[in-house]
Amino acid sequence: MFSWSSITYLGDSALTVPCAAALIGWLAIVGKWGAAVRWALVFGAGMALVVVTKLAFLGWDIGVHSINFTGISGHSASSMALLPVLVFLLSAGWPRPIRKTLVGATLIGVVLIGMSRLVLRVHSEAEVMAGLTLGACMSLYFIGRSGLGERVIPGRPIMLLTLVVLTSLPGGQPAPTQSWLEHLALTLSGHEQVHTRHVAL
């Protein structure tokens with residue numbers, strides 16, 4: 001059944017990080033070491049930037065208050081980075097109309113994930129847009145520099161099965177990333193309380 005909570009979970013780190021790790025493993029196992037390392041660096045760097053922006057606000061009130069920006073949306077960034085890359089690799093060699101349809105459906109899905117963060121009042125428009133932009137840069141950079149081109153990578157059925165298993169595991173719970181970040185921000189800043197938004201969502 002459709003719900004914004006179920007849509008938003010598709011961008012949660014409890015799901016995107018294992019899927020991103022599975023992609024690294026798949027590329028490494030089939031001998032695409034350069035692409036595996038590049039993806040690990042791209043995804044890791046993007047998520048590190050998300051963390052840094054959030055810690056900067058939570059610990060030191062560094063943000064853009066005029067647009068209610070307190071940190072890049074990790075859900076938006078990770079889903080926009082990961083899902084187009086997966087579709088690109090898994091659909092290699094398929095007819096172009098099918099690939100275009102899949103890409104279009106994927107982008108719609110990612111936009112819905114971003115919208116869910118707004119509906120659930122977790123992020124502002126600026127934070128979601130920043131996440132989508134960052135994720136798009138990550139996916140486009142990897143696709144353009146992966147060296148894989150249109151080549152069909154062996155083991156696609158196994159990778160697809162892995163993704164199905166990861167997304168259908170019962171009892172999937174969102175990762176407590178916000179509480180982790182708050183604890184880390186307090187530890188690093190030495191403050192007793194984290195900073196909160198100046199303007200309510």
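Tutor: Quick definition before we dig in: a helix here is a DSSP run of H or I with at least four residues, and helices are numbered from the N terminus. Keep in mind too that this is a predicted model.

Student: Fine. What is the spacing of Trp-39 and Phe-43 along helix H3, in turns?

Tutor: H3 covers residues 33-60, and Trp-39 and Phe-43 both sit in this helix. They are 4 residues apart there, so the separation comes to about one helical turn.

Student: And which class of aromatic pair do Trp-39 and Phe-43 form?

Tutor: The ring centres are 5.3 Å apart, with 35 degrees between the planes. Stacked needs under 30 degrees and edge-to-face needs over 60. With an angle between those cut-offs, the Trp-39 and Phe-43 pair is classed as tilted.

Student: Which class does the pair of Trp-39 and Phe-142 fall into?

Tutor: Here the centres lie 5.4 Å apart and the planes meet at 70 degrees. The cut-off for this class is over 60 degrees. So the pair of Trp-39 and Phe-142 is edge-to-face.

Student: How many residues separate Trp-39 and Phe-142 in the chain?

Tutor: Trp-39 belongs to helix H3, while Phe-142 belongs to helix H6, residues 125-145. The pair therefore links distant parts of the chain, and the separation is 103 residues.

Student: Are the rings' residues Trp-39 and Phe-142 buried or exposed?

Tutor: Ring pairs tie Trp-39, Phe-43 and Phe-142 into one cluster. Trp-39 and Phe-43 are both buried. For Trp-39 and Phe-142, the label is again buried.

Student: Moving to helix H4, what span should its 17 residues have?

Tutor: H4 runs over residues 74-90, and 16 of its 17 residues are buried. Its end C-alpha atoms are 24 Å apart. At 1.5 Å a residue, that agrees with the expected span, which is 24 Å.

Student: Now pockets. Which helix gives the most residues to the lining of the largest pocket?

Tutor: The largest pocket holds about 670 Å³ of space. Among its 33 lining residues, Lys-54, His-123, Thr-177, Gln-178 and Leu-181 are the closest to the centre. H1, H2, H3, H4 and H8 each give two or more residues. The top contributor, with 6 residues, is H3.

Student: How many residues in the lining of the second largest pocket are nonpolar?

Tutor: The second largest pocket has about 580 Å³ of space. Its lining has 24 residues, with Leu-83, Leu-86, Val-87, Leu-90 and Leu-163 nearest the centre. For reference, the lining of the largest pocket divides into 12 nonpolar, 16 polar and 5 charged. In the second largest, 5 are polar and 1 is charged, and the nonpolar count is 18.

Student: Is Arg-99 buried or exposed?

Tutor: Arg-99 lies in helix H5, and its contacts beyond four places in sequence include Phe-88, Trp-94 and Glu-150. Its relative accessibility is 12%. The cut-off is under 20%, so Arg-99 counts as buried.

Student: Last one: what exposure class does His-191 get?

Tutor: His-191 sits in the segment after H8, and beyond four places in sequence His-191 touches Gly-59, Trp-60 and Leu-186. Its relative accessibility is 37%. That value falls between the 20% and 50% cut-offs, so the class for His-191 is partly exposed.

Key. Residues are numbered from 1 along each chain as its sequence is written. This is a predicted model: local features need pLDDT of at least 70, side-chain atom pairs count only at pLDDT 80 or more; totals for chains, interfaces and linings use all residues. Side-chain values use heavy atoms; hydrogens and water are left out. Rings of Phe, Tyr and Trp (its six-membered ring) pair if their centres lie within 6.5 Å; planes under 30 degrees apart count as stacked, over 60 as edge-to-face and the rest as tilted. Buried means under 20% relative accessible area, exposed over 50%, partly exposed in between (1.4 Å probe, protein chains only). The expected span of a helix is 1.5 Å times one less than its number of residues. On a 1 Å grid over the protein atoms alone, a cavity is a set of points where a 1.4 Å probe fits but cannot get out, and a pocket is an open set with protein on both sides within 12 Å along at least five of seven lines; lining residues have an atom within 4 Å of a point. Grid points are joined across faces, edges and corners, and a volume is the space filled by probe spheres set on the points. Ala, Val, Leu, Ile, Met, Phe, Trp, Tyr, Cys and Pro count as nonpolar, Asp, Glu, Lys and Arg as charged, and the others, Gly among them, as polar. Contact means heavy atoms within 4.5 Å.
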